[in-house]
Number of protein chains: 2
Amino acid sequence: MGIKDDAVEVRAQGWRTLAALHGLIEAELERSLQGQAQLSVVEYTVLDALSRQDGWHMRMQQLARATALSASATTRLVNRLEDRGLLTRILCADDRRGIYTELTDSGNKLLAEARPVHDAALERTLAEAQQVPELAPLVDALPRLHAGV
Amino acid sequence: MGIKDDAVEVRAQGWRTLAALHGLIEAELERSLQGQAQLSVVEYTVLDALSRQDGWHMRMQQLARATALSASATTRLVNRLEDRGLLTRILCADDRRGIYTELTDSGNKLLAEARPVHDAALERTLAEAQQVPELAPLVDALPRLHAGV
DNA sequence: AACTAATTGTTGCACACGCAAATATAGCGC
DNA sequence: GCGCTATATTTGCGTGTGCAACAATTAGTT
């Protein structure tokens, strides 16, 4: 076992820890949001991403990147939210291939209801993960990433 | 904006970063493993988890936790791998509800082929993520979690 | 101006997933 | 031993996902 092999194993272990914590958080967010706001995690992510653009538009592709979803999944995700009246598609004049999406009042309202649910679930799950020895160091490292706001 | 609100926002941002990096890595691993070893990421995870048990068994439920999958998804995942001859189910004598799974020689062989592909893709993706300002701090923090092997 | 290449978003299709219900076994109280 | 509850795994069903093919628009080349 040389130094190089160790690095490989350290990376693999880091990835397993990352994946485990991700799975834990996502599952708990899914339960909470679905139960108390009729939103899946990706649906919440879309609404949140749009709202953080300060009332401005987002293209489908930006949305796809923000949600780590494929283009086709993004199309159908936006379809669902549009059917529920939470956002609207806006054809863009200067590039007629592009399509902007914007939150409706109804979307903003639902997001306002869902955000505390989301934040509480996140806090709860992180506290729970901190009790798991395998996950604790990553949980501790997380808030330090963006400590200055 | 008080101290408490800041903590909420810091947690949310940490979670977004975690999710973004997770999505990036998983997508790249999926492409590489699928293309060069006919394995999905979860399928690789199963084989890897089994091999790290040092040739010992694993129950379905342990597998479900290791993969962050539901029980039903785990059943079908094991079905697929069993159909391909990569692992075998072993009924356990002392608890006849439980079912152990064990790698076959064929499974060990495929894993040996897939592991370098996996490790290379992981290293490549982490290097790529380090170039993204938003992700870099998390990438840097990752190897420090298990620095002592 | 015409042709080709690149980009953006949508649809067809197969497949993996989660939830809830069903089945089988274990463990406990009496 | 009998009944009851808890645990382990599997099946039915509906739904969300990625990939590949497609349509529409833009940008680059000659």
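Before I begin, let me fix one term: when I speak of contact, I mean heavy atoms within 4.5 Å. With that in mind, please look at the two protein chains in this predicted model, where 100% of the interface residues of chain A are also interface residues in chain B, so the copies meet through the same surface. If we superpose chain A on chain B, the operation is a rotation of 180° with 0.0 Å of shift along its axis, and the RMSD is 0.1 Å; that is the relation of a two-fold axis.

How far can we trust chain A? Its mean pLDDT is 93, and 96% of its residues reach 70 or more. Within chain A, confidence is lowest in helix α1, residues 3-37, at a mean of 93, and highest in helix α4, residues 71-83, at 98.

Let us now turn to DNA strand D, which is surrounded by 21 residues, the closest being A:S70, A:S72, B:Q61, B:T75 and B:R89. By class, the surface near this strand has 9 charged, 6 polar and 6 nonpolar residues.

Which parts of the DNA strand face the protein? Of the atoms of strand D within 4 Å of the protein, 65% belong to sugar or phosphate, and the rest belong to bases. Among the contacts to phosphate oxygens, the side chain of B:Q61 places an N or O atom 2.7 Å away, a polar backbone atom of B:I99 lies at 3.0 Å, and an N or O atom in the side chain of A:R80 is at 3.4 Å. The elements giving two or more residues to the surface near strand D are α4 of chain A, together with α3 (60-67) and α4 (71-83) of chain B.

Key. Residues are numbered from 1 along each chain as its sequence is written. Chains are lettered from A and ligands numbered from 1 in the order in which they are written. This is a predicted model: local features need pLDDT of at least 70, side-chain atom pairs count only at pLDDT 80 or more; totals for chains, interfaces and linings use all residues. Side-chain values use heavy atoms; hydrogens and water are left out. pLDDT is the predictor's confidence in each residue, from 0 to 100. Helices (H or I, at least four residues) and strands (E, at least two) are DSSP runs, numbered from the N terminus. A residue is near a molecule or strand if one of its heavy atoms lies within 4 Å of it. A polar contact is a pair of N or O atoms within 3.5 Å; within protein, one must be able to donate a hydrogen and the other to accept it, and residues adjacent in sequence count only if both atoms are side-chain atoms. Ala, Val, Leu, Ile, Met, Phe, Trp, Tyr, Cys and Pro count as nonpolar, Asp, Glu, Lys and Arg as charged, and the others, Gly among them, as polar. Copies are superposed by least squares on the C-alpha atoms of residues with pLDDT of at least 70 in both.
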